[in-house]
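Let's take a walk through a protein model together. Keep the sequence and the 3D view side by side, and follow along as we go.

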Amino acid sequence: MQPVLVSVLALLAAAPAAMPGPVSTPIASTGTTWSGQPFAVPPGSLQVIAQTTDIPAGGGLGVHKHPYPRFVYVLAGRLAVINDDTHETRTFEAGAFVVEVIGQWHHARVVGDQPVKLLVIDQVPPGAANLVMKP
């Protein structure tokens, strides 16, 4: 055998067993918001903004709407979201993936005595805001 081939074979023989591969677990798959609206990302260039939001026990979010898609993963706690336009209320708890309503006024309150922690991801045109508070 050639010396280079012998070296490669020696390395392979000494290598540890193959590492286990990743495991993907689906959380959600949807083409609609939680109120049933179909959604699409805005055309053109997009800016992705990821942030966490902490809401203390007894707290909530005032009446607001989102002009662009917003995705939320509930990391901790329980949150009741009230859609002021449709009068529907949904409660989301840790582990829930939520596609927020678009252009509909809604507000939220913490359910129970535990704070809520959210991972929030927006897809907006560069420089645009995705939160409009009701005057």
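What follows is a tour from the overall fold down to a few single residues.

One thing to keep in mind from the start is that this is a predicted model. The protein chain has 135 residues, and 27% of them are buried. Its secondary structure comes to 1 helix and 9 strands. If you trace the chain from the N terminus, you meet the helix and then the strands, in the order α-β-β-β-β-β-β-β-β-β. Now look at which parts of the chain touch. Take the contacts with a separation of 6 or more: 78% of them are between residues 24 or more positions apart. As for the outside, the chain exposes about 8,500 Å², with carbon and sulfur atoms supplying 62% of that area.

Next, let's see how some strands line up. Five of them, in the order S5-S4-S7-S2-S9, form an open sheet with antiparallel pairing. Strand S5 (89-93) and strand S9 (132-133) stand at the edges with a single partner strand each, so one side of each has no neighbour in the sheet. Further in, strand S4 (residues 78-83) runs antiparallel to strand S7 (residues 106-110), and 5 bridges join the two. To find this pairing on your screen, look for Val81, which stands opposite Ala108 in S7.

Strand S3 has pairings of its own to look at. S3 pairs with S8 over 6 bridges, in the antiparallel sense. Here, Tyr73 has Leu119 in S8 as its bridge partner. S3 also pairs with strand S6 (residues 97-99), again in the antiparallel sense, this time over 3 bridges. On that side you can spot Phe71 opposite Val99 in S6. While you're looking at strands, here's a handy rule: in a regular strand, side chains alternate between the two faces of the sheet.

Now for the largest pocket, which holds about 260 Å³ of space. Which residues are closest to its centre? Of the 19 residues in the lining, they are Leu61, His64, Arg70, Glu100 and Leu118. Several strands share the job of lining the pocket: strand S1 (47-55), strand S2 (60-65), strand S3 (70-76), S4, S7 and strand S8 (116-124) each give two or more residues. Sorted by type, the lining has 12 nonpolar, 5 polar and 2 charged residues.

Let's zoom in on one of those central residues. Arg70 sits in strand S3. Is Arg70 buried or exposed? Its relative accessible area is 11%, so Arg70 counts as buried. Leaving aside neighbours within four places in sequence, the residues in contact with Arg70 include Gln51, Val99, Glu100, Asp122 and Asn130.

Finally, head over to the loop between S4 and S5, where you'll find His87. This residue has a positive phi of about 65°, although it is not a glycine. His87 counts as exposed because its relative accessibility is 67%. Thr89, in turn, is found in strand S5. With 46% relative accessibility, Thr89 counts as partly exposed. Beyond its neighbours within four places in sequence, Thr89 is in contact with Ala80, Val81 and Ile82. You've met Val81 already, as the residue opposite Ala108. For a last stop, compare Thr89 with His107: they are 18 residues apart in sequence, and 9.7 Å apart in space from C-alpha to C-alpha.

Terms used:
Residues numbered from 1 in each chain as written. Predicted model: local features only at pLDDT ≥ 70, side-chain atom pairs only at ≥ 80, totals over all residues. Heavy atoms only, no water. Pairing = 2+ DSSP bridges. Helix = DSSP H or I, 4+ residues; strand = E, 2+ residues; numbered from the N terminus. Buried < 20%, exposed > 50% of the residue type's maximum accessible area, 1.4 Å probe, protein only. Contact = heavy atoms within 4.5 Å. Areas by Shrake-Rupley, 256 points an atom, 1.4 Å probe, with all protein chains shown as cover. 1 Å grid on protein atoms, 1.4 Å probe; cavity = no way out; pocket = protein on both sides within 12 Å on 5 of 7 lines; lining within 4 Å. Points joined across faces, edges and corners; volume = space filled by probe spheres on them. Nonpolar A, V, L, I, M, F, W, Y, C, P; charged D, E, K, R; others polar.
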